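Subject: Structure for you, with notes

Dear colleague,

Here is the structure I promised. Please open it first, then read the notes underneath.

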Amino acid sequence: MELTREQISEFILKATSSSDSFYKLIEVILNSLVLYERSMFLDETADNGNGFRPRRFCYGHYEFHLKVPRTCQGLVLNQLFLFAP
């Protein structure tokens, strides 16, 4: 789904109207990056996607709920979270 710049700007404006909304926006961005990373990985390998596993981590008082992709071969796809504590 392609969004126009105006639609993206409106979404970000609404999403940053409160502190909880801002963290929800960060969660959406992280899940989108992981999904894009998965599609790039699957394009480069002979592996297949095999759903997601739920993960969460805390930052300050907020808990992020993420969907970590997995593969049929059980490979770790998340370069994004390699340096996370």
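Lys-24 and Glu-27 form a salt bridge, with 3.0 Å between the closest N and O atoms. Before you go further, note that this is a predicted model. The two residues sit three apart in helix H2 (residues 19–44), so about one helical turn separates Lys-24 from Glu-27. How exposed or buried is each partner? Lys-24 has 42% relative accessibility and is therefore partly exposed. Glu-27 has 5% and counts as buried, because the cut-off for buried is under 20%. In general, side chains of opposite charge can pair when their charged atoms come close.

How many salt bridges does the rule give? The count is two. The other pair is Arg-56 with Glu-63, where the closest N and O atoms are 3.4 Å apart. Arg-56 is exposed, at 57% relative accessibility. Glu-63 is partly exposed, at 27%.

Now the strands. Arg-56 lies within the range of strand E1 (residues 49–59), and Glu-63 within that of strand E2 (residues 62–71). E1 and E2 run antiparallel and are joined by nine bridges. Two pairings are worth finding on screen. Arg-53 has Val-68 as its bridge partner in E2. Phe-52 stands opposite Pro-69, also in E2. In a regular strand, side chains alternate between the two faces of the sheet.

Look at the turn too. The hairpin of E1 and E2 has two residues between the strands. Gly-60 takes a positive phi there, near 65°.

Last, the surface. Which residues make the nonpolar patch? They are Leu-3, Ile-8, Phe-11, Ile-12 and Val-28. The patch covers about 400 Å². Helix H1 (residues 5–15) gives the largest share, with three residues. Phe-11 is placed in H1. Its relative accessible area is 43%, so Phe-11 is partly exposed. That value also lets Phe-11 into the patch, because patch residues need over 30% relative accessible area.

To recap: a salt bridge in H2 between Lys-24 and Glu-27, a second one between Arg-56 and Glu-63, an antiparallel pair of strands, E1 and E2, and a nonpolar surface patch with its largest share from H1.

Best wishes

Methods:
Residues numbered from 1 in each chain as written. Predicted model: local features only at pLDDT ≥ 70, side-chain atom pairs only at ≥ 80, totals over all residues. Heavy atoms only, no water. Patch = residues over 30% accessible without salt bridge, like charges linked within 9 Å, V, L, I, M, F, W, Y side chains within 5 Å. Areas by Shrake-Rupley, 256 points an atom, 1.4 Å probe, with all protein chains shown as cover. Salt bridge = Lys/Arg side-chain N within 4 Å of Asp/Glu carboxyl O. Helix = DSSP H or I, 4+ residues; strand = E, 2+ residues; numbered from the N terminus. Buried < 20%, exposed > 50% of the residue type's maximum accessible area, 1.4 Å probe, protein only. Pairing = 2+ DSSP bridges.
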